Amino acid sequence: MSSYAFDISHLLAGGLVLVSFMMIYQDRMYALLNTFALQAVLLGLAVAWQAFTQEAPHLYATAAIALVFKALIVPWALHRVVARMGIQRTVETVTGVMPTMLAGMGLVALSILLMLQLTEAAENALAREDLAFALSVILLGMLMMVTRRNAVTQVVGFMSLENGLILAAAGAQGMPLVVEISVAFSVLIAMIVIGVFLFRIRERFDSVDTEALDAFRGERQ
Amino acid sequence: MIELSAAIALGLLALSLAAAAMRGLSAASAVVYGTSAAFSLALALAGVWTLATQAGAQGVHLPIGLPWIGAHLTLDALSAVFLMLLGVGGAAASVFAIGYGRHEHEPHRVLPFYPGFLGAMTMVVLAGDAFTFLLSWEVMSLLSWALVLTNHRAEETRAAGYLYLVMAGFGTMVLLLAFGLMAGPEGGYEFEAMRTVERSPALAVLVLALMMIGAGSKAGLLPLHVWLPAAHPAAPSHVSALMSGVMTKVALYGFIRVAFDLLGPVPWWMSVPVIVAGALTAVVGILFANIDGDGKRVLAYSTIENIGVIFAALGLALAFRANGMPALAALALTAGLIHAMNHMLFKSLLFMVAGAVLNATGRRDLDGLGGLIHRMPKTAVLALVGVTAISALPPLNGFVSEWLLFQAVLQSPKLSQPGLQFLVPAAGGLLALAAALAAAAFVRFYGVIFLGRARSDEARDAHEVDRWSLGAMAGLALLCVLAGILPGVLIDLVAPAVDLAVGAHLPMQANNNWFTLVPVAVVHSSYSGLLVMVFVVFSGGASAWLVHRLASRRLRRAPAWDCGFPNADPVTQYGAGSFSQPIRRVMAPVLAARETVVMPPPGDATPARHEVQTEDLAWARLYLPIIAAIDYATTRLNALQFLTIRRYLSLVFGSLVLLLTGLAIWN
């Protein structure tokens, strides 16, 4: 049982990292959103598996929240946004896909190296691996935010970053449910706020390219 | 006693709020200062009582401040010594202010901050955990900053206030680091927990160095003193008295509390920077006091000197303690504590004198005063007591503490490290130089203000100050005399605090004949202030009597300064610049003094000019480069204000990855 537990959670967490990489090379908006939904499903499964192996029933709630919000509501809402704005094809990257992928690999190497080193004292091999993967997902999410111009892709990057946080929390054994729920809600609210801003930005500037904002900053000389 | 002291501290803070509400009430000034005086007196009595009964440490836990942590207040012997000092200084300044405050144009610029300043200082002294200490420290800094800005319309005052604010913020930051290091990773911020932590010598040295910078910047240690001569004189005189007399001592309290109580053993060589910084501060401070032309700035520079003397004493105590000589450490620490007390007495007195002169004439520049002994005879006598005390002349109190300090310096051959054996006598030489220069500075201060003839119309038309001010000054002068002739009482009082700090204290002085001071048996020397006093009074009285008897009783009036040059103009008198000229010439490299003579071209009728410039080298060599570097960096970093959102994100991301990489490599 214990070896299976380790293998399966390893598989799921590794799957999350893999999907993060998939998100980096998507060049269509809908495909990106679908990939994001896939990552959320994997996250839900990973957390549910943690709940099963740790015999921590409150983690099932976390998994459910992840599934409902992240895999359904958020992608659906972003789909609508993209459809209404008509930006299905515009994934504008700053650099090419290849350098970004290389950088992403470097980040994964860094986080695994770091986490396995830092948590050497910890007994639980599972938690160690989980933390390493979670940090990778967080860093890849940030990388995506940095290398995209479009505000919607930046939002997706942010959400994916948050997936990494939840994965880390689920592996850590002992994050209270209240904290998880509040994190989930704050992310949802951030999504709503960002969504509202997206429309405002587009209304003003006819674009959701964040670079367009810079020309209108008051302090620029 | 702790409950009473805590209640008074809170009462003083509440009085600040009440004072703010008393706008427009004509008696507000008297009410606020009167209440502050009563509260301060009660604090002083609480301190004396705690010391006299040798009560152990008492604590109280107030549920105010940080949630679940609250504020721990503790009153032990060391706090009590400084509580006594604060109470006496606060009471005197408040009584003085009852009279002085009547002349203030805008009393409500001072009233709401004054009692709170006293209350915050009390809280610093009583604090039993690092949070309370740092919070009260910062409140004390901010309220004193507001008091410095009383006369905010003067450009000079605003510059002084800004400099003070920057230095105070810097000092608190450094203290924060020091206490954070002391608390360790477990975060035991109560002093009780800090005492029990085992520290490596390297950490202890680092904490002590940080404390020297943090507390030293508030006390005026070289080279962190630059704000002090600008800020202390800018405040109203009773606040100047408090800042110089009491607040610098509260800073010393912070240093003593950490260095001697909380930190545990410190390597011997850490006493070297303390002694060197103290001795250099003393000399440089008093050199500037000798050349400055503003009465209150002279006093502020002299405060720097006295802080240097006290730090040197504390450094000696650290050296003796590290060598396992508690009796000699007790001697040095007693000297430091007594000198802190004495300095509070005479410096407050002298700032009040400067305030009285300012009130009477409206002038602070020495070269606009003169001859005030005729117009203000009572103030002149009290000022004479103050300058005699600060010049460390027997039988007054300044002599006692300096004598004790030199007794400790003379014991330096007993130290086991050759480095200290050489260093301490050298530092003693510097301290002796500082003492002599202090006498010179105060001969100049007193002579130019009170003797000779008036150099301005204001000085000629001066009038004696009111009774409250005179009463406060007389009280301090009396205490100076009493502490000079009965030093044993004070030494016995501080004995429990010295015991707490170095684990030993001087033998009890109460039973000695003729109130003689016999500090340590091995010193083989003793001093009796009373006998010296009797001798001074007797010989002085007898000489006066003989002169009058043998010469003539008749009062004769003759032209003043009539040494073959009967020019009636008062500016021909020996002035402040004339007094300082020899010292300025000799010490020109230290003072960066430059003299230039500007001669008009032939045929031009304008007078030739002799110009003198001096400069604080610490300011020129240390502060100006720092300011220039900050200016340069901020100008360059200004570009960061205009990045795109994605660039900002990249910055955050980049620094995160960098830190993680660093962590990975470091591990």
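How many salt bridges does the structure hold over all chains? The total is 14 salt bridges, in a model that is predicted.

**Salt bridges of chain B**

Three of these pairs are set out below.

| Salt bridge | Closest N to O distance | Relative accessibility |
|---|---|---|
| Glu155(B) and Arg158(B) | 2.8 Å | Glu155(B) 55%, Arg158(B) 41% |
| Arg195(B) and Glu192(B) | 3.3 Å | Arg195(B) 30%, Glu192(B) 54% |
| Glu595(B) and Arg585(B) | 2.8 Å | Glu595(B) 30%, Arg585(B) 47% |

Glu155(B) and Arg158(B) both belong to helix α6 of chain B, which covers residues 155–183, and they stand 3 residues apart, about one turn of the helix. Glu155(B) counts as exposed because its relative accessibility is 55%, where the cut-off is over 50%. Arg158(B), at 41%, is partly exposed.

Arg195(B) and Glu192(B) lie in helix α7 (residues 191–196) of chain B, again 3 residues apart and about one turn of the helix. Here Glu192(B) is exposed, while Arg195(B) is partly exposed.

The pair Glu595(B) and Arg585(B) joins two elements of chain B: Glu595(B) is in strand β5 (residues 594–598) and Arg585(B) in helix α22 (residues 576–586), so the salt bridge ties together parts that are 10 residues apart in sequence. Glu595(B) is partly exposed, as is Arg585(B). Elsewhere, salt bridges with shared partners link Asp76(B), Glu192(B), Arg195(B), Arg257(B) and Asp261(B) into one network.

**A buried histidine**

His232(B) is part of helix α9 (residues 228–234) of chain B. With 0% relative accessibility, His232(B) counts as buried, the cut-off being under 20%. Beyond its neighbours within four places in sequence, His232(B) contacts residues including Trp227(B), Met243(B), Met247(B) and Ala300(B).

**The interface of chain B and chain A**

The contact involves 18 residues of chain B and 22 residues of chain A. About 1800 Å² is buried between the two chains, with 70% of that area coming from carbon and sulfur atoms. Phe642(B), Arg646(B) and Phe653(B) provide 38% of the area that chain B buries against chain A, more than any other three residues. On the side of chain B that touches chain A there are 12 nonpolar, 5 polar and 1 charged residues. The count between chain B and chain A is 0 salt bridges, and 0 residue pairs are found in polar contact with both residues at pLDDT 80 or more.

**Chain A**

Chain A has 8 helices and 0 strands. Of its 221 residues, 49% are buried. Among contacts in chain A with a separation of 6 or more, 76% are between residues 24 or more positions apart. The accessible surface of chain A is about 10300 Å², and carbon and sulfur atoms account for 68% of it.

Notes. Residues numbered from 1 in each chain as written. Chains lettered and ligands numbered in written order. Predicted model: local features only at pLDDT ≥ 70, side-chain atom pairs only at ≥ 80, totals over all residues. Heavy atoms only, no water. Contact = heavy atoms within 4.5 Å. Buried area = accessible area lost by both parts, 1.4 Å probe. Salt bridge = Lys/Arg side-chain N within 4 Å of Asp/Glu carboxyl O. Polar contact = N/O pair within 3.5 Å; in protein donor to acceptor, adjacent residues only side chain to side chain. Nonpolar A, V, L, I, M, F, W, Y, C, P; charged D, E, K, R; others polar. Helix = DSSP H or I, 4+ residues; strand = E, 2+ residues; numbered from the N terminus. Buried < 20%, exposed > 50% of the residue type's maximum accessible area, 1.4 Å probe, protein only. Areas by Shrake-Rupley, 256 points an atom, 1.4 Å probe, with all protein chains shown as cover.
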